[in-house]
Amino acid sequence: MRDLEHITSLVDRMTAAPSFEAAARSAADWARELTACESAIVRLRQPSREGREWMLVVAASGASQDFLRDETLVDDSECLCGRVGVGSANSERPFYTEGGSFVWGHVGSIESEFSREVLGNTRGRCIAEGYESLAIIPLIGVSGHMGCIHLADHRPDVFEADAELLEAAGRMAGRLLQNHQEKDSERAALEAIREAMLPTRPPSVRGVELGVFATTAEALMRVGGDFYDVFELMGGQVALVAGDYSGKGLDAVGTAARLRHHLAAHAAAAADPGSFLQEANATLADMLSARRFASVVCCTLDHENGRLHVSLAGHPAPLRLRAGVVEELVAPPNLPLGIDPRGRFESVSFSLHEDDVLVLYTDGVTEARNEGTLFGVEGIGRIIKDEATTSLTDIARAVVTAAAAHHDPSLPDDDRLVLLARVPGSLHRRRLEDPVVESAHEDSSD
């Protein structure tokens with residue numbers, strides 16, 4: 001009777017939902033209420049044109065923003081979610097149920113309990129989050145496996161008692177989700193991608209004001225691989241990263257998501273942006289598709305001594321607004337990531353005065369064109385100077401909007417990203433005795 005009441009509640013809530021997104025969120029909320037777990041995520045299976053199977057988060061309840069950014073897209077070969085979502089879970093393994101779910105109550109030690117041959121590939125992100133209990137339940141529609149529900153909790157042994165009920169719910173929820181229109185599913189998928197790869201609110205970091213704005217395609221097949229990240233490093237420095245993985249569609253977005261996570265994992269131990277990109281590049285061979293690459297710009301702000309360190313990987317150089325003047329910071333272009341695993345990445349150092357504005361962007365901004373005329377760096381500079389008294393978010397929005405307005409709608413369009421950073425004067429401390437030169441490309445305008 002209890003199980004019937006719970007399933008009836010799930011059906012009523014998902015049937016009453018006005019959209020695919022709302023129905024998926026109802027399923028996540030229902031699972032959290034049933035199990036009293038901390039996190040519930042609904043993943044939908046998304047085959048790509050290149051033959052890969054992606055598991056895309058379309059609804060979440062309780063998960064941290066950092067966790068969602070790292071886990072928004074996984075493919076069926078790299079983690080447990082993928083294998084459950086496509087129905088390839090091996091029920092002979094002790095951590096899989098006969099119904100094809102993964103249910104385990106001591107995840108923190110699972111990699112030491114089982115060999116990689118038995119366990120298969122794992123991203124390890126759930127372990128890094130500190131989750132002890134995981135339940136990954138297949139969503140099964142009329143035509144077969146269509147995704148999964150991912151449940152997690154820091155406590156051990158949370159889900160075993162409800163495993164059969166959760167599997168029944170997965171079969172019911174899969175059919176109900178299929179009843180919603182395809183355009184609602186795609187819209188939810190696009191929103192999940194945008195918030196994961198290009199969140200409208202950048203992370204909060206000590207001593208640095210940030211602003212960001214980005215636009216993406218309105219169809220999954222046209223979405224590009226733009227991404228950004230901001231994180232604090234040891235010693236109080238702040239790293240800013242912007243990048244663009246070549247290609248379009250889910251494969252580009254999925255690889256860009258993995259790349260962003262990969263870069264963040266390498267950042268903490270690197271001595272400077274060039275070393276950071278070099279170490280990351282050396283380990284990318286198995287991640288990037290053949291004939292694909294990523295352009296990246298990495299900057300570290302050291303507001304204790306007024307220095308800005310820049311390294312490029314085939315990406316446009318950042319701009320600096322100082323006292324009403326916009327200038328491009330000249331740096332060695334270096335190769336994009338994924339071209340040569342032995343590639344070297346030079347860094348350059350510049351001064352960072354109080355209230356300087358640093359501008360990172362992707363080439364969709366400067367390459368907007370109309371009648372053969374590019375929007376260019378000049379277009380960015382013009383908008384930034386005109387909008388200099390407004391918030392950084394408003395400035396970023398104004399640049400992206402102006403670039404989009406400049407672009408001829410009859411030409412293929414691209415994603416656009418602008419990330420701005422400023423060290424406010426009240427927080428800025430500068431030590432003039434610190435060395436200025438880090439390479440032969442020092443900033444001569446200081």
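1. Let us start with strand 11 and strand 14. In this predicted model, strand 11 covers residues 307-313 and is joined to strand 14 by four bridges. The two strands run antiparallel. If you would like one pair to look for, pick V310, whose bridge partner in strand 14 is V348.

2. Now step back to the sheet around that pairing. Five strands make up an open sheet, and their order is 8-9-10-11-14. The pairing is antiparallel. At the edges you will find strand 8 (225-232) and strand 14 (348-351), each of which pairs on one side only. From one strand to the next, the twist averages 15 degrees.

3. Two helices are worth finding next. Helix 10, residues 250-267, lies across strand 8, strand 9 (238-245) and strand 10 (294-302). Its direction is at about 20 degrees to strand 8. Helix 11, residues 273-282, lies across strand 9, strand 10 and strand 11. For helix 11, the angle to strand 11 is about 30 degrees.

4. Next come the aromatic rings. A pair of such rings is described by how far apart the centres are and by the angle of the planes. The model has seven aromatic pairs. In one of them, the ring centres of F95 and Y96 are 5.0 Å apart; the planes stand at 65 degrees, so this pair is edge-to-face, the cut-off being over 60. Are these two residues buried or exposed? F95 is buried, at a relative accessible area of 1%, and Y96 is buried too, at 7%.

5. F95 also pairs with F114. Here the centres are 5.2 Å apart and the planes are at 85 degrees, so this pair is edge-to-face. Which parts of the chain does the pair tie together? F95 belongs to the loop between helix 4 (80-86) and strand 4 (102-104), while F114 belongs to the loop between helix 5 (110-113) and helix 6 (116-119), so the pair ties together parts 19 residues apart in sequence. F114 has a relative accessibility of 17% and counts as buried, because the cut-off is under 20%.

6. Those rings belong to a wider group. F95, Y96 and F114 form one aromatic cluster together with F102 and W104. It may help to display these five residues at once.

7. Finally, return to strand 8, residues 225-232, for a contact of another kind. What sits over the ring of Y228? The charged end of R69 does, 5.6 Å from the ring centre.

Definitions and conventions: Residues numbered from 1 in each chain as written. Predicted model: local features only at pLDDT ≥ 70, side-chain atom pairs only at ≥ 80, totals over all residues. Heavy atoms only, no water. Pairing = 2+ DSSP bridges. Axes fitted to C-alpha atoms, helices over the stretch in contact; angles between N-to-C directions. Contact = heavy atoms within 4.5 Å. Phe/Tyr/Trp six-rings, centres within 6.5 Å; stacked < 30°, edge-to-face > 60°. Buried < 20%, exposed > 50% of the residue type's maximum accessible area, 1.4 Å probe, protein only. Lys NZ or Arg CZ within 6 Å of the ring centre and 35° of its normal.
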